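Colleague: I am new to this one. Could you show me how to read it?

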Amino acid sequence: MEKLISQFMKFGVVGVIAFVIDYGLMVVLTELAGVNYLISATISFTVSVVFNYLASMRYVFTHKQGLSRRREFVIFVVLSVIGLGVNDLLMWLGSSVLGVSYLIVKIVATAIVMVYNFVTRKVFLDGDTGAVLE
């Protein structure tokens with residue numbers, strides 16, 4: 001359990017940096033460049049996913065034996081695209097349907113997608129079988 005908590009803490013640090021990239025780029029694109037908030041949220045999310053893959057697979061998760069780096073990346077991207085769908089759905093529901101500021105909705109969406117990301121990456125990508133989710 002201690003190993004799992006340590007791993008989640010590392011995931012949190014990587015996640016905070018990815019969030020700063022995601023949120024910061026979204027605000028810059030929306031507020032300074034005049035890009036629609038859904039488009040800017042998609043672009044910023046995609047950029048943060050690339051950072052997140054590189055950092056997560058280096059510092060958080062161990063390489064799963066028998067899984068090629070190419071396949072690992074494909075799985076990571078598929079899981080991230082699902083996360084992007086959840087992110088964009090929550091952004092749309094919160095901002096367009098409920099009328100809440102996209103700046104606030106993004107924080108809630110990020111928290112929900114973060115939990116999804118950790119669980120799915122742990123299950124599908126982590127080679128450390130010693131720290132299992134229970």
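Colleague: What should the 29 residues of helix α3 (residues 69-97) span?

Modeller: Helices here are DSSP runs of H or I, at least four residues, numbered from the N terminus. The expected span is 1.5 Å times one less than the number of residues. For α3 that gives 42 Å, and its end C-alpha atoms are 40 Å apart, which agrees. This is a predicted model: local features need pLDDT of at least 70, side-chain atom pairs count only at pLDDT 80 or more, and totals for chains, interfaces and linings use all residues. Residues are numbered from 1 along each chain as its sequence is written, and side-chain values use heavy atoms, with hydrogens and water left out.

Colleague: Which residues of α3 are buried?

Modeller: Buried means under 20% relative accessible area, with a 1.4 Å probe and protein chains only. In α3, the buried residues include Glu72, Phe76, Leu79, Gly83 and Met91. Their cover includes α1, α2 (37-60) and α4.

Colleague: Why does serine 95 count as buried?

Modeller: Its relative accessibility is 14%, so serine 95 counts as buried. Serine 95 sits in helix α3.

Colleague: What does serine 95 touch?

Modeller: Contact means heavy atoms within 4.5 Å. Beyond its neighbours within four places in sequence, serine 95 contacts Tyr37, Val100, Ser101, Tyr102 and Val105. A polar atom of the serine 95 side chain lies 3.3 Å from the backbone oxygen of valine 100.

Colleague: What follows α3?

Modeller: Glycine 99 does, and its phi is positive, near 80 degrees.

How values were computed
Helices (H or I, at least four residues) and strands (E, at least two) are DSSP runs, numbered from the N terminus. Buried means under 20% relative accessible area, exposed over 50%, partly exposed in between (1.4 Å probe, protein chains only). A polar contact is a pair of N or O atoms within 3.5 Å; within protein, one must be able to donate a hydrogen and the other to accept it, and residues adjacent in sequence count only if both atoms are side-chain atoms.
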